[in-house]
Amino acid sequence: MVSKGNLNTYLVFINSAISKINKNGKIGLIVPSGFSTDDTSKYLFQYCIKQNILETIFDFENRNLFFQAERNLRFSLITLNNNKKGTNVSLAFGLTEVRHLQDEEKLYSLSTEDFEILNPNTLNCPVFVNRKDVGLVKSIYQKSKI
């Protein structure tokens, strides 16, 4: 098991899903947004990044009531893939409608090295709302290497 510390139940399901994916398989899950950003999920998220099994994170706000729950609920659609070695993670945050997944300005990708540059201590996911911000922040971090 990769998860450690104070666990939220969904982390156990992600762990289980990872162990069930065969070498040619993929799995998609709907999980709380905290999977990619919270301290309690950082070890599992680090594992997914270091093992290159995380394919996508598309993070939504429930403003348009995808689910009969609070409007401020946030959730992520994630895809795990055991056969994607060496490729980037596709991401989008702050989505409120499915059609936003076709907006190239909202979509961006990060490599394992990008996660290490942007969040070297935790490898948690940096959250950006557009591709332009990603380029700007990556540029600043790359130029400020000590």
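Student: What is the volume of the largest cavity?

Tutor: In this predicted model, the largest cavity has a volume of about 40 Å³, and the count of cavities of 30 Å³ or more comes to 1.

Student: What makes this space a cavity and not a pocket?

Tutor: The word depends on escape, because a cavity is a set of points where a 1.4 Å probe fits but cannot get out, whereas a pocket is an open set. The space of about 40 Å³ is listed as a cavity, so by that definition the probe cannot get out of it.

Student: Which residues line the largest cavity, and how do they divide by character?

Tutor: The lining consists of Cys48, Ile49, Asn52, Leu54, Lys84, Thr87, Asn88, Val89, Leu110, Ser111, Thr112 and Phe115. These divide into 6 nonpolar, 5 polar and 1 charged, and because Lys counts as charged, the charged residue in this lining is Lys84. Two helices, α2 and α3, each supply at least two residues of the lining.

Student: Which residues of α2 are buried, and what do they pack against?

Tutor: Lys42, Leu44, Phe45, Gln46, Cys48 and Ile49 are the buried residues of α2, and they pack against α1, β2, β3, β4 and α3. Just after α2, asparagine 52 takes a positive phi of about 55°, and Asn52 is also among the residues that line the largest cavity.

Student: Why is glutamine 46 called buried?

Tutor: Glutamine 46, which lies in helix α2, has a relative accessible area of 13%. The cut-off for buried is under 20%, so glutamine 46 at 13% meets it. Not counting residues up to four places away in sequence, glutamine 46 touches Asn121, Thr122 and Leu123.

Student: Is asparagine 62 buried or exposed, and where is it found?

Tutor: Asparagine 62 is found in the loop between β2 and β3, and its relative accessible area is 0%. Because buried means under 20%, asparagine 62 is buried. Asparagine 62 and threonine 96 are 34 residues apart in sequence and 6.7 Å apart in space, C-alpha to C-alpha.

Student: What makes the largest nonpolar core a core, and how many residues has it?

Tutor: The largest nonpolar core has 27 residues, and it is called a core because its members are buried residues of the listed nonpolar kinds, joined through side-chain atoms within 4.5 Å. Ile14, Phe35, Leu54 and Ile57 are those with the most contacts inside it. The elements that give two or more residues to this core are α1 (9–20), α2 (42–50), β2 (54–61), β3 (74–81), β4 (89–95), β5 (108–110) and α3 (112–118). A second, separate core of 6 residues includes Phe58, Phe60, Phe75 and Leu95. In soluble globular proteins, nonpolar side chains tend to be buried together.

Student: Which residues is phenylalanine 35 in contact with?

Tutor: Leaving aside its neighbours within four places in sequence, phenylalanine 35 is in contact with Tyr10, Leu11, Ile14, Ser41, Leu44, Phe45, Cys48, Leu54 and Ile78. Of these partners, Leu44, Phe45 and Cys48 are buried residues of α2.

Student: Why are β2 and β4 described as largely enclosed?

Tutor: In β2, 7 of the 8 residues are buried, so this strand is largely enclosed by the rest of the structure. In β4, 5 of the 7 residues are buried, so the description holds for that strand as well.

Student: How do you know that β2 pairs with β3 and with β4?

Tutor: Two strands pair if there are at least two bridges between them. The strands β2 and β3 run antiparallel and are joined by 7 bridges, while 4 bridges join β2 to β4, which run parallel, so both pairs meet the cut-off. Threonine 56 has threonine 79 as its bridge partner in β3 and serine 90 as its bridge partner in β4. The bridge partner of isoleucine 57 in β4 is leucine 91.

Student: In what sense do β4 and β5 pair?

Tutor: They pair in the antiparallel sense, over 3 bridges, and the bridge partner of serine 90 in β5 is serine 109.

Student: How many helices and strands are there in the protein, and how do they run from the N terminus?

Tutor: The protein has 4 helices and 5 strands, and from the N terminus on they run α-β-α-β-β-β-β-α-α. Of its 146 residues, 40% count as buried.

Definitions and conventions:
Residues are numbered from 1 along each chain as its sequence is written. This is a predicted model: local features need pLDDT of at least 70, side-chain atom pairs count only at pLDDT 80 or more; totals for chains, interfaces and linings use all residues. Side-chain values use heavy atoms; hydrogens and water are left out. Buried means under 20% relative accessible area, exposed over 50%, partly exposed in between (1.4 Å probe, protein chains only). Contact means heavy atoms within 4.5 Å. On a 1 Å grid over the protein atoms alone, a cavity is a set of points where a 1.4 Å probe fits but cannot get out, and a pocket is an open set with protein on both sides within 12 Å along at least five of seven lines; lining residues have an atom within 4 Å of a point. Grid points are joined across faces, edges and corners, and a volume is the space filled by probe spheres set on the points.
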